[in-house]
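Visitor: I'd like a close look at a single part of this protein. Could you pick one helix, walk me along it, and then show me how the rest fits around it?

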Amino acid sequence: QLTPKANGKLLSLLVEEGSSVNAGQLIGTIEHSELDTQLEQSEAKVRIAKASLRMSVNGPLNSQVKQSQALINQQKAILKQFEASKTNIQRDLSNYQALLTKGIIPRQQVNNAQTQLEIINQQIKATNQQIESAQQALKLLTDGIKPEQIEMNKGQLDTTLGEIKFYKAQLANYNVISPMKG
């Protein structure tokens, strides 16, 4: 009487009932599609873990650093434009207030200039925040990965490799092996 290590549906029987077998001979296999799927998932995790480890060891690509620096430069150029506009709006507002005092222009023109000044101040504030965020992102890129992160990635890879070994060992349990000659 045979008692396989794994339970399930018999997928193949390699010998006919009553025929002679040797000890250790494979005589059948049990269906193991779920285990195959788990093994494939673990193999995919290994590829991801290897890529993460390579990225953490090798650091950022030069193109990523250049792109980040270009974004900062672009935002600084925009900030300069906003600051120049602010100077012009402040000058105009000052002139408009003087003209309003003399009764030459309507109050609405001063109000419009004040609104423009508020808008440009908001744009300057938002652009400064964007520059700060971009500089922080660049700093993260250029500071590199901490050794602890590399070790964590190595640990994830080792864990996933261990899963693969486990699943492969489990696959052996789905083979029905003759325990003796007979």
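Guide: Let's take helix α2, residues 62-101, in what is a predicted model. Helix α2 has 40 residues, and from its first C-alpha to its last it reaches 58 Å, close to the 58 Å expected at 1.5 Å a residue. Its buried residues are Ser68, Ile72, Gln75, Leu79, Phe82, Ile89 and Leu93. If you're wondering how the numbers in that list are spaced, keep in mind that an α-helix has 3.6 residues a turn, so residues three or four places apart point the same way. What do the buried residues of α2 pack against? Their partner is α3.

You can see the two helices come together at Ser68, whose C-alpha atom is separated by 7.4 Å from that of Ala137, 69 residues away along the chain. Ala137 sits in helix α3, which covers residues 107-143. With a relative accessible area of 37%, Ala137 is partly exposed, whereas Ser68 is among the buried residues of α2.

Further along α2 there's a charged pair to click on: Arg91 and Asp92 form a salt bridge, with their closest N and O atoms 3.5 Å apart. In general, side chains of opposite charge can pair when their charged atoms come close. Arg91 is partly exposed at a relative accessible area of 46%, and Asp92 is partly exposed too, at 28%. Just after α2 you reach Gly103, which takes a positive phi of about 80 degrees.

Now for the rest of the protein. It has four helices and three strands, and along the sequence they follow the pattern β-β-α-α-α-α-β. The radius of gyration is 36 Å, well over the 16 Å that the globule rule gives for 182 residues, so the protein is more spread out than a compact globule. Its C-alpha atoms fill a box of roughly 120 × 35 × 20 Å along the principal axes. Buried residues make up 23% of the 182 residues. The protein exposes about 13,100 Å², and carbon and sulfur atoms supply 52% of that area. As for how the chain meets itself, take contacts between residues at least 6 apart in sequence: 77% of them join residues at least 24 apart.

Helix α4 is a good one to set beside α2. At 1.5 Å a residue, the 26 residues of α4 should span 38 Å, and its end C-alpha atoms are indeed 38 Å apart. Its buried residues are Ile150, Asn153, Leu157, Thr160, Ile164, Tyr167 and Leu171, and they pack against α1 and β3, the strand at 175-177. Zoom in on Asn153 there: it is buried, with a relative accessible area of 10%. Leaving aside residues up to four places away in sequence, Asn153 touches Ser52, Leu53 and Ser56.

Salt bridges turn up around α4 as well. How many does a search of the whole structure find? The count is three, and you've met the Arg91 and Asp92 pair already. Another joins Lys45 to Glu163, with 3.4 Å between the closest N and O atoms. Lys45 lies in helix α1 (residues 33-58) and Glu163 in helix α4 (residues 147-172), so this pair ties together parts that are 118 residues apart in sequence. Lys45 counts as partly exposed at 41% relative accessibility, and so does Glu163 at 24%.

Staying in α4, the side chains of Glu151 and Lys154 meet in a salt bridge at 3.6 Å, N to O. Both lie in the helix, three residues apart, about one turn. Glu151 is partly exposed with a relative accessible area of 48%, and Lys154 is partly exposed at 36%.

One last stop, on the surface: Leu14, Leu26 and Ile177 form a nonpolar patch with about 240 Å² of accessible area together. Leu26 belongs to strand β2, residues 26-30, and counts as partly exposed at 34% relative accessibility.

Terms used
Residues are numbered from 1 along each chain as its sequence is written. This is a predicted model: local features need pLDDT of at least 70, side-chain atom pairs count only at pLDDT 80 or more; totals for chains, interfaces and linings use all residues. Side-chain values use heavy atoms; hydrogens and water are left out. A salt bridge is a side-chain nitrogen of Lys or Arg within 4 Å of a carboxyl oxygen of Asp or Glu. Helices (H or I, at least four residues) and strands (E, at least two) are DSSP runs, numbered from the N terminus. Buried means under 20% relative accessible area, exposed over 50%, partly exposed in between (1.4 Å probe, protein chains only). Patches are made of residues with over 30% relative accessible area and no salt bridge: like charges are joined within 9 Å, nonpolar side chains (Val, Leu, Ile, Met, Phe, Trp, Tyr) within 5 Å. Accessible areas come from the Shrake-Rupley method with a 1.4 Å probe; for residues, only the protein chains shown count as cover. The radius of gyration is taken over C-alpha atoms; the globule rule is 2.2 Å times the number of residues to the power 0.38. Contact means heavy atoms within 4.5 Å. The expected span of a helix is 1.5 Å times one less than its number of residues.
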